[in-house]
Amino acid sequence: MASIHSSKTRPFASYHSVTPCTRTHQIGALALVIITFFLTRIFDQSLNSSSFSPPTSGQYRSKNDVVRFSDSGGSIFWPQRGYGTHLSLKIYVYDWNEIDGLKHLLYGRDGKISPDSCVKGQWGTQVKIHRMLLQSRFRTRKKEEADLFFVPAYAKCVRVMGGLNDKEINQTYVKVLSQMPYFSLSGGRNHIFVFPSGAGAHLFKSWATYLNRSIILTPEGDRTDKRDTSAFNTWKDIIIPGNIDDGMTTHDSRIVEPLPLSKRKHLANYLGRAQGKVGRLRLIELSKQYPDKLECPELKFSGPDKLGRKDYFEHLRNAKFCLAPRGESSWTLRFYESFFVECVPVILSDQVELPFQNVIDYSQISIKWPSTHIGTELLDYLESIPDKDIEEMIARGQKIRCLFAYTPESDSCSAFNAIMWELQRKVRQFHQSSETFWLHNRTIVNRNLVEFSKWKPPMPLP
């Protein structure tokens, strides 16, 4: 019997004949380690192709920073907790001809409303976000692999342009939802809807019945002034910036350029209609008492004396502070426009909700003043702020205003990428609803024990 120590059974039997490790070997090994390190860094950066990335330990800047940047100064950090290390979303976008009725929510009952006419103005986010998702690297064409589902609709524009009335909008939404198996499967929890105006989801009268679990993207966080409840829920919905004129957010020549602080004519301004709102009426009266300090011109948005967009921004840039009082709703586009004419926004809307609060410290770039104290006390306070402090606030605002611009996904900083980060936080591993059941073998069935793959519309809505 052969010994267990036979050389045939000893893989290291020739150990002593191995060439000894020389200095050349050591240098080669060190070079291999260095090359591996740099290749790993490059690979990691390719995974995080979005400019937004969460910080690792030690990467956070001072808590006094308005927003956390990477050491290179170009990337804005999303906190890793709850967001993940990089963007890896898969979003399915419903096609207009895929669901009966969806075409009407996009183009009106006669199909004659053009998206190009809907992309302009403060409600244009309903079109821009849809278009960006269609071209996005986050889009998937396979429903079974989607994390989230986007339901495109230009309902606000369609309504304003006479394409559908309120009753038709409500009926069409209900019809559309009843044809979506994945909406029924999750109770709508993984479905995204954009409501771009001050009305928020109230534009769909039955939102509280059908969209009370869905993700709503809206600039509006409060409508309790006219309704018993707000459609915005801070735990599931996302506040998005309003749609600023592209001519002010472009990287090239803008409609107007900011004025040096020393050349601005007024301490503060308010550009907007009174709409019978107490705060706005107070500002208009205050401007009559102190015309050299506060400008509140009578704006005409129609007729021969209509204020053009260039004239509007030339007025807006001519003050150190841009006042943003509540109107029909709590949010106002002037807040976002202020950052692009480089005046300090002063929020006079107590219930306002602001976007991306997990990364932006708004106390460093804006002022929020109680709407109950609109008067000479406000002007005295603003006048007491040194120009140096104003310039510092404006400089900090310059750093983050890219988060308010709906520029291409490829941009290093944009509202679209910021929304993607917030959406990633909403992704769930498992979905259920009152109409969803499952068996021991993980088969998903409905109330009649029909397998999910065989569900046929119209389906009962959860």
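Which helices and which strand do the buried residues of helix H6 pack against? In this predicted model, the partners are helix H2 (102-107), helix H5 (155-160), helix H7 (181-186), strand E4 (191-194) and helix H8 (207-210). The residues of H6 that are buried are Ile169, Asn170, Thr172, Tyr173, Val176 and Leu177. A general point helps in reading this list: an α-helix has 3.6 residues a turn, so residues three or four places apart point the same way. Helix H6 itself covers residues 166-177, 12 residues in all, and spans 17 Å between its first and last C-alpha, close to the 16 Å expected at 1.5 Å a residue. At the start of H6, the backbone nitrogen of Lys167 has a side-chain oxygen of Asn165 within 3.1 Å.

Stepping back to the whole chain, 15 helices and 13 strands are found. Of the 462 residues in the chain, 50% are buried. Among contacts with a separation of 6 or more, 69% are between residues 24 or more positions apart.

Helix H2, one of the partners of H6, offers a good place to look at a single residue. Leu106 lies in this helix and is buried because its relative accessible area is 0%, under the 20% cut-off. Not counting residues up to four places away in sequence, Leu106 touches Trp96, Ile113, His130, Pro152, Ala153, Tyr154 and Val158. From Leu106 to Gln126 the C-alpha to C-alpha distance is 9.8 Å, with their positions 20 residues apart in sequence.

Turning to the strands, an open sheet is formed by 6 of them, with parallel pairing and the order E2-E1-E3-E4-E5-E6. Strand E2 (139-140) and strand E6 (238-239) are its edges, each pairing on one side only. Strand E4, which appears in this order, is also the strand against which buried residues of H6 pack. At one end of the order, strand E5 (residues 215-218) pairs with E6 in the parallel sense through 2 bridges. Within that pairing, Thr218 has Ile239 in E6 as its bridge partner.

Further along the chain, strand E7 (residues 266-269) has two parallel pairings to consider. With strand E9 (residues 319-325), E7 shares 3 bridges, and the two strands run parallel. Here Asn269 stands opposite Cys322 in E9. With strand E8 (residues 294-295), E7 shares 2 bridges, again in the parallel sense. Ala268 has Leu294 in E8 as its bridge partner. Between E7 and E8 the chain passes through helix H10 (residues 278-289), giving a β-α-β crossover that is right-handed.

Ahead of E7, in the loop that follows helix H9 (246-249), sits Arg254. Is this arginine, Arg254, buried or exposed? Arg254 counts as buried, because its relative accessible area of 14% falls under 20%. Its side chain makes a polar contact of 3.3 Å with the side chain of Glu257. A polar atom of the Arg254 side chain also lies 3.3 Å from the backbone oxygen of Phe340. Leaving aside neighbours within four places in sequence, the residues in contact with Arg254 are Gly247, Met248, Phe340, Glu342 and Arg401.

Aromatic rings provide another view of the structure, which holds 21 aromatic pairs. One of these is formed by Tyr312 and Phe313, an edge-to-face pair with ring centres 5.1 Å apart and 80° between the planes. Tyr312 is buried at 12% relative accessibility, and Phe313 is buried at 2%. Tyr336 and Phe404 also make a pair: their ring centres are 5.2 Å apart and their planes lie at 70°, so this pair is edge-to-face. Because Tyr336 belongs to helix H12 (residues 333-341) and Phe404 to the loop between helix H14 (387-400) and helix H15 (415-424), the pair ties together parts that are 68 residues apart in sequence. Tyr336 is buried, with 2% relative accessibility, and Phe404 is buried as well, with a relative accessible area of 0%. Elsewhere, ring pairs join Tyr92, Tyr94, Phe149, Tyr182, Phe452 and Trp455 into a cluster.

Key:
Residues numbered from 1 in each chain as written. Heavy atoms only, no water. Pairing = 2+ DSSP bridges. Helix = DSSP H or I, 4+ residues; strand = E, 2+ residues; numbered from the N terminus. Right-handed = clockwise from strand over helix to strand, strands pointing away. Expected span 1.5 Å × (residues − 1). Buried < 20%, exposed > 50% of the residue type's maximum accessible area, 1.4 Å probe, protein only. Contact = heavy atoms within 4.5 Å. Polar contact = N/O pair within 3.5 Å; in protein donor to acceptor, adjacent residues only side chain to side chain. Phe/Tyr/Trp six-rings, centres within 6.5 Å; stacked < 30°, edge-to-face > 60°.
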